[in-house]
There are 2 protein chains.
Amino acid sequence: MGNIQRNKVKDVLSGAVAVGSDVLLKGWVRTKRGNKHVAFIALNDGSIIHNIQIVADLQSFSEEQLKGVTTGACIAAKGKLVASPAQGQPVEVQLVEIEVLGECDPETYPLQKKGHSLEFLREIAHLRPRTNTFGAVFRLRHAMAFAIHKFYNDRGFVYLHTPIITGSDAEGAGAMFKVTTLDLNNVPKKDGHVDHEQDFFGKATNLTVSGQLEGELGAMALGEVYTFGPTFRAENSNTTRHLAEFWMIEPEVAFNELQENMDLAEDFLKYLIQYALDNCAPDLEFLCNQYDKELLNRLNFVVNNAFQRLPYTEAVEILKASKQKFEYKVEWGTDLQSEHERYLVEKHFEKPVILTDYPKDIKAFYMKQNADGKTVRAMDVLFPGIGEIIGGSQREESYDKLLTRVKEMGIPEEEIWWYLETRKFGTAPHSGFGLGFERLMLFVTGMGNIRDVIPFPRFPKSADF
Amino acid sequence: MGNIQRNKVKDVLSGAVAVGSDVLLKGWVRTKRGNKHVAFIALNDGSIIHNIQIVADLQSFSEEQLKGVTTGACIAAKGKLVASPAQGQPVEVQLVEIEVLGECDPETYPLQKKGHSLEFLREIAHLRPRTNTFGAVFRLRHAMAFAIHKFYNDRGFVYLHTPIITGSDAEGAGAMFKVTTLDLNNVPKKDGHVDHEQDFFGKATNLTVSGQLEGELGAMALGEVYTFGPTFRAENSNTTRHLAEFWMIEPEVAFNELQENMDLAEDFLKYLIQYALDNCAPDLEFLCNQYDKELLNRLNFVVNNAFQRLPYTEAVEILKASKQKFEYKVEWGTDLQSEHERYLVEKHFEKPVILTDYPKDIKAFYMKQNADGKTVRAMDVLFPGIGEIIGGSQREESYDKLLTRVKEMGIPEEEIWWYLETRKFGTAPHSGFGLGFERLMLFVTGMGNIRDVIPFPRFPKSADF
């Protein structure tokens with residue numbers, strides 16, 4: 001193929017390569033069609049959702065030479081970039097030389113036919129990134145991950161890797177997976193119970209459900225930190241909203257009170273969505289057309305509206321006063337359901353909503369207690385379509401109040417002595433929140449099932465690939 | 001404290017805030033000293049390694065007001081920024097108003113005294129980020145993580161989240177942790193063996209040792225991908241170089257052959273180290289002075305030298321011809337030890353080295369086989385001080401050759417059918433490598449123990465915090 005470097009389809013289609021240039025393209029054949037005189041090869045290399053059209057003059061290329069050019073085959077193609085007479089594409093390539101790098105048997109290739117269901121594609125997660133849909137989703141996933149790092153880096157936050165394997169299950173955010181090196185066929189016992197002293201870490205360990213507690217340790221030294229790592233729930237939830245393994249972003253900021261925490265959450269979400277609108281237009285347009293006509297409207301709805309902020313108690317009054325028929329009844333003291341959250345966002349305020357000051361009994365032990373004795377400085381950010389997207393709070397910085405709450409809730413002090421000590425030694429007001437990355441991806445892509453926004457989803461009875 | 005916003009110490013010291021301004025600082029007291037007339041408070045807020053000096057005129061502040069200002073206490077201090085008469089600091093703050101946000105009992109605060117050993121600090125990992133050393137290490141760790149994402153994003157790579165929980169252990173990179181929801185006190189059995197059908201995923205699962213195999217799936221669709229996530233080894237290694245939980249970066253690129261893979265690795269490492277030199281000077285200078293006088297020289301050694309590239313076979317000849325006394329004898333066919341690698345880098349070539357084309361029997365099954373039948377297209381990047389920092393290869397893209405090797409090595413085909421299929425459907429040459437993030441951090445910080453470059457290290461008998 002000579003000495004020229006490969007050109008990415010993205011660069012060729014964007015005008016970064018001059019018409020008239022020699023180009024070398026490598027990628028996977030999406031379709032080949034044509035007539036007696038000419039063959040049209042649609043090539044995709046993953047750099048952009050669009051294919052480039054390669055035109056082979058059949059006077060120059062024999063049937064034999066193009067035989068291996070079938071859907072799914074990998075080819076290298078050299079040619080001249082020319083303006084395209086066809087609609088919808090600025091340029092195409094006049095083929096000069098072609099090599100089939102990897103053939104693809106049309107009889108057995110699972111992506112041969114068009115219009116596969118998302119369910120079927122989940123079963124071939126090793127091949128689905130080759131489809132338009134999953135190419136778009138995973139490029140968007142990359143863009144959002146990068147935007148998250150850029151947002152925090154630009155503001156001087158420190159990215160903190162909190163542990164995945166943990167010896168504590170204090171947060172109680174959900175059922176945990178056990179991590180062990182013991183022989184499960186022959187578990188060592190002591191006094192009738194598992195002898196974890198013989199285990200790798202010398203005690204029982206689990207996969208983390210949240211990096212927040214360790215994140216707070218970082219914030220109380222480095223000021224502003226964030227985590228971005230995998231978290232786990234061993235809940236037997238076979239829904240479109242739950243994964244056993246998912247990624248979470250948890251910023252934690254010393255000296256921030258609830259107001260600044262809300263500002264940070266609102267700035268953060270708007271930044272991410274604006275970043276997607278600015279950087280991922282072709283992928284968003286495809287998903288909007290293909291799956292969800294309201295997608296772009298919903299994204300603009302978030303960036304163009306100030307989030308409405310109000311206490312949970314007021315929200316409950318609004319919901320009770322509404323004439324809306326809800327499946328679940330609203331009562332002060334109970335957690336709001338997605339239907340209530342969406343009513344507030346989509347019908348009542350017509351903008352994203354941040355609810356604050358929830359009843360303490362439905363929130364975690366570490367949230368700062370209000371003077372009313374009933375509520376805590378929690379905040380949930382509610383979005384159209386999905387309801388809660390962020391949950392956070394100001395943290396209880398008083399050692400005595402925190403310890404009292406820990407005892408009330410029966411959390412073993414010996415598991416979180418290190419957490420309690422941050423309140424003993426130079427405590428400070430501080431706040432943070434958690435954003436489930438796949439929840440964000442559902443919102444940004446408009447996809448309906450959380451298993452379709454992570455490359456290799458883990459859920460009950462499924463850990464393939 | 002009125003309505004002014006908090007200033008970060010970094011901004012105040014860097015000249016971003018004008019002398020004469022009112023400033024509000026919040027952070028942790030490192031020291032308080034003084035005389036009858038004046039108290040000097042050294043305050044750190046984690047934004048930079050340097051403290052800011054706050055000067056309290058004792059005519060304006062009573063002993064009572066400053067009583068709580070002890071080492072480790074958290075304070076808010078308002079005052080005027082003035083040019084400092086003292087050496088080594090451009091500015092200081094004349095205190096106007098002070099509030100102790102969190103006291104810190106000098107009798108019980110573990111960081112009270114100076115000069116703690118790194119061993120002791122490891123036992124209080126919840127507090128060690130408040131020290132100069134760990135502030136520097138974790139800010140550098142952040143900078144390197146961000147630089148990694150920026151490097152790949154700028155080149156159009158897609159960040160791919162490969163799974164943490166895996167049903168396959170095909171790569172065989174090391175001993176694995178089991179992940180289960182079975183009751184260990186009462187493991188369900190079937191035909192005398194653990195009944196994993198009752199387990200969460202319906203089969204035995206482990207924590208990943210590498211995201212490479214799934215990374216290849218991404219590359220064969222999206223072209224250029226990278227992973228950056230936690231990986232695990234359940235090996236009972238109590239050394240300064242091993243962790244049970246560590247982070248790894250694994251780029252994988254379609255159409256790259258070994259030459260381009262080496263170019264990518266060299267560009268990548270030079271970019272990261274240049275980024276540290278450009279963005280982390282105060283932290284690097286501290287670590288250089290405090291721990292490792294050669295640190296900056298070693299970093300510059302890497303960015304200023306073209307990496308020497310040669311085959312393993314030639315390296316063995318060089319080592320055998322050298323008059324050096326090695327602890328381990330060098331023979332063709334055996335893996336090189338750190339002493340050999342360092343000899344090549346530090347003594348023989350005096351530049352970083354990339355060795356290629358290793359004996360196939362000491363390398364993984366997926367590496368591309370050379371025509372000699374004895375070697376594979378592997379590459380290891382060797383660095384001064386630490387030896388191997390990157391390991392990678394061109395991958396075997398031939399289905400038949402790969403399958404033959406899989407069978408030779410006894411790898412169960414049913415565990416990696418999805419991996420094999422990438423060679424069946426549109427295969428292509430492709431290459432990648434792995435960089436252990438903590439190995440990089442050892443190199444960049446000059447720290448001697450890998451447990452000191454990750455916030456909460458996991459190793460045998462230790463999963464605290």
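1. In which loop of chain A does A:Asp191 lie? In this predicted model, the residue belongs to the loop between strand E9 (189–190) and strand E10 (193–194) of chain A. The phi angle of A:Asp191 is near 50°, a positive value in a residue other than glycine. As general background, most residues other than glycine have a negative phi. A:Asp191 has a relative accessible area of 73% and is therefore exposed, the cut-off being over 50%.

2. A second positive phi, of about 80°, is found at A:Phe255, which is not a glycine either. This residue lies in the loop between strand E13 (245–254) and helix H6 (258–279) of chain A. Is A:Phe255 buried or exposed? Its relative accessibility is 8%, so A:Phe255 counts as buried, the limit being under 20%.

3. The main sheet described for chain A is open and consists of eight strands, in the order E6-E12-E13-E18-E17-E16-E15-E14, with mixed pairing. Its edge strands are E6 (158–159) and E14 (308–311) of chain A, each of which pairs on one side only. Within the sheet, strand E15 (residues 353–359) of chain A and strand E16 (residues 375–383) of chain A pair in the antiparallel sense through six bridges. In this pairing, A:Val353 has A:Leu382 in E16(A) as its bridge partner.

4. Two helices of chain A should be viewed together with this sheet. Helix H9 (residues 312–321) of chain A packs on the sheet and touches E14 and E15 of chain A, its direction making about 95° with that of E14(A). Helix H13 (residues 437–445) of chain A lies across E12, E13, E16, E17 and E18 of chain A, and runs at about 60° to E18(A).

5. In chain B, strand E17 (residues 387–394) is mostly covered, with six of its eight residues buried. It pairs with strand E16 (residues 375–383) of chain B in the antiparallel sense over six bridges, and B:Phe383 stands opposite B:Gly387 in E17(B). E16(B) and E17(B) form a hairpin with three residues between them, and B:Gly385 in the turn has a positive phi of about 85°. E17(B) is also joined by five bridges to strand E18 (residues 430–436) of chain B, again antiparallel; here B:Gln394 has B:Ser431 in E18(B) as its bridge partner.

6. Over all chains, the structure holds 57 aromatic pairs. One of them is the tilted pair of A:Phe151 and A:Tyr271, at 5.2 Å centre to centre and with 55° between the planes. The pair links distant parts of the chain, 120 residues apart: A:Phe151 is in helix H4 (residues 132–154) of chain A and A:Tyr271 in helix H6 of chain A. A:Phe151 is buried at 4% relative accessible area, whereas A:Tyr271, at 25%, counts as partly exposed. Both residues belong to one aromatic cluster, whose members include A:Tyr226 and A:Phe433.

7. A further pair crosses between chains, from A:Trp418 in helix H12 (residues 417–424) of chain A to B:Phe465 in the segment after helix H13 (437–445) of chain B. Why is this pair edge-to-face? The ring centres of A:Trp418 and B:Phe465 are 6.3 Å apart and the planes stand at 70°, so the pair falls in the edge-to-face class, which requires over 60 degrees. A:Trp418 is buried, at 2% relative accessible area, and B:Phe465 counts as buried at 8%.

8. Charged groups also sit over rings in chain A. The charged end of A:Lys363 is placed over the ring of A:Tyr358, 4.3 Å from its centre. A:Arg451 lies over the face of A:Phe459, 3.5 Å from the ring centre.

How values were computed: Residues are numbered from 1 along each chain as its sequence is written. Chains are lettered from A and ligands numbered from 1 in the order in which they are written. This is a predicted model: local features need pLDDT of at least 70, side-chain atom pairs count only at pLDDT 80 or more; totals for chains, interfaces and linings use all residues. Side-chain values use heavy atoms; hydrogens and water are left out. Helices (H or I, at least four residues) and strands (E, at least two) are DSSP runs, numbered from the N terminus. Buried means under 20% relative accessible area, exposed over 50%, partly exposed in between (1.4 Å probe, protein chains only). Two strands pair if DSSP finds at least two bridges between them. Contact means heavy atoms within 4.5 Å. Axes are lines fitted to C-alpha atoms, for helices over the stretch in contact, and angles run from 0 to 180 degrees between N-to-C directions. Rings of Phe, Tyr and Trp (its six-membered ring) pair if their centres lie within 6.5 Å; planes under 30 degrees apart count as stacked, over 60 as edge-to-face and the rest as tilted. A charge sits over a ring if NZ of Lys or CZ of Arg is within 6 Å of the ring centre and within 35 degrees of the ring normal.
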